[in-house]
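Trainee: I should like to go through this model and ask, for each label, what justifies it. May we begin with the surface?

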Amino acid sequence: MDRYARWNALLELLTESGRVSVEDAAARLDVSQATIRRDFDQLAQQQMITRTRGGAVANGVSYDLPLRYKTAKHSAEKQRIGAAAAALVSSGMVVGLNGGTTTTEVARALAVRPELNTSADGAQLTVVTNALNIANELLVRSRMKVVVAGGVVRPQSFELVGPLGGALLREVTLDVALLGVDAIDPQLGAAAHHEGEASMNNLMVARAKRVVIIADSSKLGGHAFARICPVDKVETLVTDSGADPATVAAFQEAGVKVICA
């Protein structure tokens, strides 16, 4: 297990319990206590945790870990979901993408499709995003037209939020919005932990002809602080094959097409 994978695992342990000892963390990750102490010290320097005598406690951000620490969680499922969501996109579309680990996989899947990377017949794909990392993924991997909404960067997700980006989004029309979420429930709809991200995502929903929610099965039926949109605004939900059949049926009864990748 490399350093970043260990850090991710340690942060997940703190998310679950709020506190973990050096001895317990070393046993659970099968590494030395000296390694865990160094990891704790480095995470504390980044203000991700608070060191205690013999261990560490969560630093109040465990519900919303920075994106770079979340990439390893459900990674195989997210890659399959990303490929399935990208398959819904065709040449010439204007596509909205927000930030997150799963939508990053969508961007990577879009970037490797050669038919989306040509502008010879005017069928160039246009991607509108408020996520700096996704804009970068597309710029270095493809020749698509990339439009970035303005705003203030949230380090946790690399997303731009605030009125500057909202002004741009109100002036565009999207063929489809492909949105990653922190939670989606058949009754409560789609939601995000941060109200600024939810507001930007809500604007994408308002400007899109179709809304596709992209979420691994761990997020189905969950709750988050700020609502993005009600479930009746969602045309399609793309999730993984681990989704609970009863939950899938509840979404289908609500009029949502469900794709299990």
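Trainee: Which residues make the nonpolar surface patch?

Mentor: This is a predicted model. In it, Leu 132, Val 148 and Val 153 make a nonpolar surface patch of about 200 Å². Val 153 belongs to strand 7.

Trainee: Why is Val 153 called partly exposed?

Mentor: Its relative accessibility is 39%. Partly exposed covers the range between under 20%, which is buried, and over 50%, which is exposed. The value for Val 153 falls in that range, so the residue counts as partly exposed. A patch residue must have over 30% relative accessible area, and Val 153 at 39% satisfies that condition.

Trainee: What makes strand 5 and strand 6 a pair?

Mentor: Pairing requires at least two bridges. Strand 5 (residues 126-129) and strand 6 (residues 145-148) are joined by 4 bridges, so they pair, and they run parallel. Within this pairing, Val 128 stands opposite Val 147 in strand 6.

Trainee: Through which helix does the chain cross from strand 5 to strand 6?

Mentor: The chain passes through helix 6 (residues 132-141), and this β-α-β crossover is right-handed. The label applies because, with the strands pointing away from the viewer, the path from the first strand over the helix to the second runs clockwise.

Trainee: How do you know that Cys 229 is in no disulfide?

Mentor: A search of the whole structure finds 0 disulfides. For Cys 229, the nearest cysteine sulfur is that of Cys 260, 19 Å away. A disulfide needs the two sulfur atoms within 2.5 Å, so this pair does not qualify. Cys 260 is likewise in no disulfide, its nearest cysteine sulfur being that of Cys 229.

Trainee: Are these cysteines buried or exposed, or in between?

Mentor: Cys 229 has a relative accessible area of 1%, which is under 20%, so Cys 229 is buried. Cys 260, at 40%, counts as partly exposed.

Trainee: What is notable about phi of Asp 30?

Mentor: Phi of Asp 30 is near 60 degrees, a positive value in a residue other than glycine. Asp 30 lies in the loop between helix 2 (22-29) and helix 3 (33-45). Its relative accessible area of 70% is over 50%, so Asp 30 is called exposed.

Trainee: Where is Phe 158 placed, and what is its phi?

Mentor: Phe 158 is in the loop between strand 7 (152-154) and strand 8 (159-161). Its phi is near 65 degrees, also a positive value in a residue other than glycine. At 29% relative accessibility, Phe 158 counts as partly exposed.

Note on methods: Residues are numbered from 1 along each chain as its sequence is written. This is a predicted model: local features need pLDDT of at least 70, side-chain atom pairs count only at pLDDT 80 or more; totals for chains, interfaces and linings use all residues. Side-chain values use heavy atoms; hydrogens and water are left out. Helices (H or I, at least four residues) and strands (E, at least two) are DSSP runs, numbered from the N terminus. Buried means under 20% relative accessible area, exposed over 50%, partly exposed in between (1.4 Å probe, protein chains only). Patches are made of residues with over 30% relative accessible area and no salt bridge: like charges are joined within 9 Å, nonpolar side chains (Val, Leu, Ile, Met, Phe, Trp, Tyr) within 5 Å. Accessible areas come from the Shrake-Rupley method with a 1.4 Å probe; for residues, only the protein chains shown count as cover. A salt bridge is a side-chain nitrogen of Lys or Arg within 4 Å of a carboxyl oxygen of Asp or Glu.
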